[in-house]
Structure formats: structure tokens, C-alpha cells
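Welcome, and please open the model in your viewer. We will go from stop to stop, and at each one you will hear what to select and what is there.

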Amino acid sequence: MSLRTKNTSSFPRWVGHVAPLLLALLLAAVWGSVVQTQWNLQALVKLGVDIPASTHASVILQDLISFAPVYVGILACGWLPALPAALFLARRRPVWRSPLLAAAAGVGMVAAVRTIDAVAPMPVFIDATRHLTGLLAMAIGAVIAGFLYALLTKRQ
């Protein structure tokens, strides 16, 4: 007699997590890319550089094309240990599942960025994360993405 319940799907359970995870990564990457772009543009404005709205938009688009894919890799490195740990803890406390996944996504992002900063030759890899305010602004996107992932993978 088997203690396992029968899986009615021909796919393993983790397959249902792939699309929500990719969507969460996309959300966090777009958020982080836009935040870091705005951070950099505001630094130039503070120096007296006039930046027209069209330039603003084109720089955001360029960063979405060039920086966001790199940031997806950074997020993935941070989330790889953080999200499974949160899911493990959530099995013991199911009511904490969404907050655990949201927090894990944020902490994983911060850990990945700080790890890169520790080994990169430049002082910081992402200028927006140089100060706590920018780091938290980018982490908010990861937290929201972690919460989205929790909602999309919630068992009925």
C-alpha cells in the first residue's frame, strides 16, 4: 500500500511552478531595471543634466533590453536557494506561505546583489544598490514578484 496520493497529471508537480516562476522573474526584472534606470537618470538630473522625456523613455527601453536579462540571472541566483527554503518552511506553516515566499524573494535578491558586489572589481555592480534606499526600492519589486509567485502557485 502506497502512502503517496496519485498524481492525476502526467507531469511532475514542479512543472506547474515554471510559468509562475518565469512570470515572477519577469516582473522583478522589469521593476529592478526601471528602478535602476530612474536612479541613474535622477543622479544626472541632480548634476544639472537636462534629460528630455523622449530620452528618458529610450533609456528605460534600452535598459529593459540590455540590463533586465542580466538582472534575471542575478535574481535567479538569489532565488535558487531562497524560494525552496521558503517552500520547505511553508509546508510546516501553510498560512505563512505567501509572506515567506515574498520575503525569500526579497532576501534572495539582496543576497545575490551583495554577493556580486563583494566579488566584482567595481565598488558596486548596480549603482542604485549602493545605498539602502535604492537597494530597498529594487527589493520591493522582488518581494512583489515573490508574492505573485505565491498567489499563482497556491494550491486549491
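In what order do the elements of the protein chain run from the N terminus on? They run α-α-α-α-α. Colour the chain by secondary structure and you will find five helices and zero strands; helices (H or I, at least four residues) and strands (E, at least two) are DSSP runs, numbered from the N terminus.

Before you select anything, two notes on reading the tour. This is a predicted model, in which local features need pLDDT of at least 70 and side-chain atom pairs count only at pLDDT 80 or more, while totals for chains, interfaces and linings use all residues. Residues are numbered from 1 along each chain as its sequence is written, and side-chain values use heavy atoms, with hydrogens and water left out.

**Stop 1: confidence**

Colour by pLDDT, the predictor's confidence in each residue, from 0 to 100. The protein chain averages 89, and 90% of the residues score at least 70. Now select residues 1-5: pLDDT stays under 50 there, and the model has zero contacts for them beyond four places in sequence. Contact here means heavy atoms within 4.5 Å.

**Stop 2: the whole chain**

Show all 156 residues of the protein chain; 34% of them count as buried. Buried means under 20% relative accessible area, exposed over 50%, and partly exposed in between (1.4 Å probe, protein chains only). Among contacts between residues at least 6 apart in sequence, 72% join residues at least 24 apart.

**Stop 3: where α2 meets α3**

Select residues 53-66, helix α2, and residues 68-92, helix α3. Their axes come within 4 Å and cross at roughly 50 degrees, and that makes α2 oblique to α3. Axes are lines fitted to C-alpha atoms, for helices over the stretch in contact, and angles run from 0 to 180 degrees between N-to-C directions. Angles under 35 degrees count as roughly parallel, over 145 as roughly antiparallel, 65 to 115 as roughly perpendicular and the rest as oblique.

Show the side chains at the contact: Asp63, Leu64, Ile65 and Ser66 come from α2, and Ala68, Pro69 and Val70 from α3. These residues divide into five nonpolar, one polar and one charged. Ala, Val, Leu, Ile, Met, Phe, Trp, Tyr, Cys and Pro count as nonpolar, Asp, Glu, Lys and Arg as charged, and the others, Gly among them, as polar.

**Stop 4: two rings**

How many aromatic pairs does a search of the whole structure find? It finds one. Select Phe67 and Tyr71, which form a stacked pair, 5.5 Å centre to centre with 15 degrees between the planes. Rings of Phe, Tyr and Trp (its six-membered ring) pair if their centres lie within 6.5 Å; planes under 30 degrees apart count as stacked, over 60 as edge-to-face and the rest as tilted. Both Phe67 and Tyr71 are buried.

**Stop 5: Met138**

Tyr71 also leads to the next selection, as one of the residues in contact with Met138. Met138 lies in helix α5 (residues 132-152). Is Met138 buried or exposed? It counts as buried because its relative accessibility is 0%. Leaving aside neighbours within four places in sequence, its other contacts include Trp31, Val35, Met109 and Ile126. Ser33 is 105 residues away along the chain, yet the C-alpha atoms of Met138 and Ser33 are separated by 8.4 Å.

**Stop 6: the start of the first helix**

Select His17 in helix α1 (residues 15-46). Beyond its neighbours within four places in sequence, His17 is in contact with Arg97, Tyr149 and Thr153. Gly16 also lies in helix α1 and, at 49% relative accessibility, counts as partly exposed.

**Stop 7: Pro99**

Finish at Pro99 in helix α4 (residues 97-119). At 51% relative accessibility, Pro99 counts as exposed. Its C-alpha atom is separated by 8.4 Å from that of Ala150, 51 residues apart along the chain.
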